[in-house]
Each structure stands twice: as C-alpha cells, then as structure tokens.
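Please open the model in your viewer, with the sequence panel alongside, and follow the stops below in order. Each stop names a selection and then says what is there.

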Amino acid sequence: MARLNDNFLKLKAGYLFPEIARRVRVFSETNPEAAKNLIRCGIGDVTEPLPEASRKAMHEAIDELGNRESFRGYGPEQGYEFLRQAIVDNQFAGLGIEADEVFISDGSKCDTGNILDIFGPGNVIAITDPVYPVYVDTNVMAGNTGEADENGAFEGLVYLPCNADNNFVPAIPDQKVDLIYLCYPNNPTGTAATREQLQAWVEYARANSSIILYDAAYEAFIQEDDVPRSIFEIEGAHECAMEFRSFSKIAGFTGVRCAYIVIPKALKGTLADGTSQAVHPLWSRRHSTKFNGASYPVQRGAAAIFSEEGKAETQALIEHYMGNAKLLREACEKSGLAVYGGVNAPYVWVACPKGVTSWGMFDKMLEQANVVITPGAGFGAAGEGYFRISAFNSRANVEEVCRRIAEFL
Ligand SMILES: *Cc1c(COP(=O)(O)O)cnc(C)c1O
C-alpha cells in the first residue's frame, strides 16, 4: 500500500475560493438575467494587459532561442545575472543586497510554500489573522500543524490578530516564535506597516533568533513616502529576514510567472545540534536540486520592466489600479461604512454594516448588486465582519461597482 500524506485531508476545512465559485454558480443558474451583469471583484488577479516593453523583450528572447548562434538551454537555476543585477539596482539600491542574494523563481506562491523545505521540525510558526491562505495551507501540508477547529484555525499555529484597533499590523507576541509571516502592504486588508512597526518586529526577531518571512508582493503599490518598501530598509533585518517579491502584480505577470526571494547571506538559523547555519546555501541547494530556473524569455520580460519604457508602463498600471482603489474607497465611505486599506495596496477592506456577517455581505452584494466580493472570514477568524474589494479591474467596471454600492449599501 502506498501511504499518502494525511495532512492534506486536514485542509478540507475552510476553502474560500471554491465556496465563492459555488455560490456564484448557484446564483447564476437561478438568475440567468442578473448573472449577465455580474462584476467580479473577488480573486486578486490583474486585468490589464502586459507592458509593451515586456512583450517586446519576450519576443526578442524567443527569436534568440530560434537561432543556433544565440540559442540557450538550461539557464542558471538561481536566475540569470542580468535579471538578478537589475533587481538589485532598481529595487534594493543602497540596501546592502548583492545580486547573488536574489533567487529568481516562477512565482511567490510557490516560493512561500517551497521555503518550508529548508526549515526543520518543531518550529513555532506565527501568522497574521486574516492572512493570505497559502502560508497556512503549506504549513498544514508540511505537517507543521494539528487539526483545524470549527473556525478553521489550526492547532499549533500562533495566530496574530489584525484589526482596526492595531491598524491591521499585529502586536508583538508575548511568547517566543521561530518563524513569522508578515505581508505588507497586506493582502487581504490592503493596509501598510510603518517603519516603527517593522522596526519592532525586527528587534523581536533578533532578540528571539526568529526569522521573518516578509512578503512584499504589493511593494510597487505604495504611494506614501514614509511607508517602507522593503524589510531591508530596517536596520538589523539582514540578520533576521528574507523577502518575497513578485512581478505578478506590478507588471501583470500573473500568467507569465516570475518572482524572487532575497536571502541575505547574514541570515542564520540553527541546526539540530545547536550550531548556527546560514540559510542562503540551503535555499541555493534546494533551488538547484528541485528547480531548473525560470524561463529565459520570461526573465527577459521581467528585466524589461526596469527599462525607461518599462518603468513608465508599470507606473501607468499602478496608477490605474490605485485610481480604482480610491474610487472604491470613496464609494464605500459615502455609504457610511468604515473603510481600510486601498491607499498603498490595491485592496479595500471594508467593515460590514452592524450585525451583518462576511458571508451575509457576500450574499447581499451578489444577489442585490450582482458584485462578487471576498468575505473577510475566508482569510481567518479575525476577518469576520469585513469584506475585501479588489481594485484589479477595468475603470468602467469599477465605476459601475461604485454606482451599485451607492444604490444598494
Ligand atoms: C498575488 C500574491 C503573491 C504573488 O504570487 P505569484 O505566485 O508570484 O503570482 C504573493 N503574495 C501575496 C500575498 C499575493 O497576494
């Protein structure tokens, strides 16, 4: 008999997007006319086409591959030098990051999951609540948790509640944890962490020899000057943090696939015998063994966003989505709802009217306004009483959503 990984069956509890899809399907089958007007502001996928600079670079790269003289086969597993260096120069200038501390991959979702390969058993793992579900589910699959309770909270994880009182940045825990997942600007709440808040987390991590897994997938959406763009802007972070970044949201790469992790060589963990060990060589080895590099045309397309043309085009994309976020924020505020996020991230996080649950709000928006939103409770127990509206949409759709919010909320 082939033994399977029982941990996968623990995941059955709380599965957000399939449940949203099921409710939308039932609604569409019973209301075929209304379903024609349906606008989806649920899943956080981009809608606007790829920057021309990236497309041109990818076309050229494909042509290079079609020519014997310029053909390339397997590339370096850690990524091409041209992309690693462009990332350092354009995203981490002055922050003490070297090109060989950047590991190119085909996505941050995979990176945040795969990183667990290099951590041993028995770590105390802290996640924010609400949270991007990938951090939780990959720990469940890896056997780092017990079973889920009726709220979908897994035994063995330390949940750090994020709510309006703490501006959706968790308080420093009073217990010792080994791994901490932080995502700022945040999905799902759309809120950003201040320099002081990140400084406090870095100090905590250094005092407790813990490692911060910092997900900065939405860095490009930061609009306010005083919001840190990288954890490595914080003094001491090189000894206690790694950072995940992705081209998905900044450049419409959700279908193209390219991302990276920055792991400073100064980042260390502990081996079973108590000795200190750098993290960098472990991830390098893991990448070389289980990954054969992101596609060459894709890496060329990613590097092209750092050209003058690429910068202008990605800036226009960001302005488009953040303009949407502003309209959505204003529409919800006008309806008298408490609104968070949407200033430095393309998500607006809205408190449901008094007495209405997240799923109640989901159903109301679906049935009355024919708008698909995401119920906050799907991201964790602390998300109950909130819903998320994604600003990833066309301007016409967002304007129509705002009109419907004014009519129905
Ligand atoms: C979209 C997103 C990512 C990016 O994932 P990719 O696999 O690179 O597309 C990473 N983290 C969060 C929180 C996200 O919302």
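Which helices each supply at least two residues of the lining of the largest pocket? In this predicted model, they are helix H2 (16-30), H6, H7 and helix H9 (248-251).

**The largest pocket**

Begin by selecting Leu 16, Phe 17, Tyr 132, Pro 133 and Val 134, which of the 49 lining residues lie nearest the centre of the largest pocket. The volume of this pocket is about 1,300 Å³, and its lining, sorted by class, holds 25 nonpolar, 13 polar and eleven charged residues. Colour H7 separately, for with seven residues H7 gives the most to that lining.

**Helix H7 and what covers it**

Keep helix H7, residues 133-141, on screen and add a surface: the helix is mostly covered, with seven of its nine residues buried. To see which residues these are, select Val 134, Tyr 135, Val 136, Asp 137, Thr 138, Asn 139 and Val 140. Next, show the elements that cover these buried residues, which include helix H1 (7-10) and helix H6 (108-114) as well as strand E3 (125-129), strand E4 (157-161), strand E5 (179-183) and strand E6 (211-215). After H7 comes Gly 143, whose phi is positive, near 80 degrees.

**Backbone details in the loops**

Most residues other than glycine have a negative phi, and most peptide bonds are trans; the next selections depart from that pattern. In the loop between E3 and H7, find Pro 130, which is joined to Asp 129 by a cis peptide bond with omega about 5 degrees. A cis peptide bond also joins Asn 187 and Pro 188, here with omega about 15 degrees, and Pro 188 is placed in the loop between E5 and helix H8 (195-207).

Then move to Asn 167, in the loop between E4 and E5, where phi is positive at about 55 degrees although the residue is not a glycine. Asn 370, which is not a glycine either, likewise has a positive phi of about 55 degrees, and you will find Asn 370 in the loop between helix H13 (358-369) and strand E13 (371-372). Is Asn 370 buried or exposed? Because its relative accessibility is 10%, and buried means under 20%, Asn 370 counts as buried.

**Ser 54 in helix H4**

Select helix H4, residues 52-65, and pick out Ser 54 within that helix. With a relative accessibility of 0%, Ser 54 counts as buried. If you leave aside its neighbours within four places in sequence, the residues in contact with Ser 54 are Phe 253, Gly 301, Ala 304 and Ile 305. Keep Ile 305 highlighted, since Ile 305 also belongs to the lining of the largest cavity.

**The enclosed cavity**

How many cavities of 30 Å³ or more does a search of the whole structure find? The search finds one, with a volume of about 80 Å³. To display its lining, select Gln 91, Ala 216, Ala 217, Glu 219, Ala 220, Arg 245, Ser 246, Phe 247, Ile 250, Tyr 260, Ile 305 and Phe 306. Coloured by class, these lining residues divide into eight nonpolar, two polar and two charged.

**A four-stranded sheet**

Now turn to the open sheet of four strands, which has the order E11-E12-E15-E14 and antiparallel pairing. Its edge strands are E11 (339-341) and E14 (374-375), each of which pairs on one side only. Look at E11 together with strand E12 (residues 347-351): these two run antiparallel and are joined by three bridges. For a single position to inspect there, select Gly 341, which stands opposite Val 348 in E12.

**Stepping back to the whole chain**

Finally, show the complete protein chain as a cartoon, in which the secondary structure comes to 14 helices and 15 strands. Along the principal axes, the C-alpha atoms fill a box of roughly 55 × 55 × 55 Å. The radius of gyration is 22 Å, which agrees with the value near 22 Å that a compact globule of 409 residues would have. Buried residues make up 52% of the chain, and among contacts with a separation of 6 or more, 73% are between residues 24 or more positions apart.

Technical notes:
Residues are numbered from 1 along each chain as its sequence is written. This is a predicted model: local features need pLDDT of at least 70, side-chain atom pairs count only at pLDDT 80 or more; totals for chains, interfaces and linings use all residues. Side-chain values use heavy atoms; hydrogens and water are left out. On a 1 Å grid over the protein atoms alone, a cavity is a set of points where a 1.4 Å probe fits but cannot get out, and a pocket is an open set with protein on both sides within 12 Å along at least five of seven lines; lining residues have an atom within 4 Å of a point. Grid points are joined across faces, edges and corners, and a volume is the space filled by probe spheres set on the points. Ala, Val, Leu, Ile, Met, Phe, Trp, Tyr, Cys and Pro count as nonpolar, Asp, Glu, Lys and Arg as charged, and the others, Gly among them, as polar. Two strands pair if DSSP finds at least two bridges between them. The radius of gyration is taken over C-alpha atoms; the globule rule is 2.2 Å times the number of residues to the power 0.38. Buried means under 20% relative accessible area, exposed over 50%, partly exposed in between (1.4 Å probe, protein chains only). Contact means heavy atoms within 4.5 Å.
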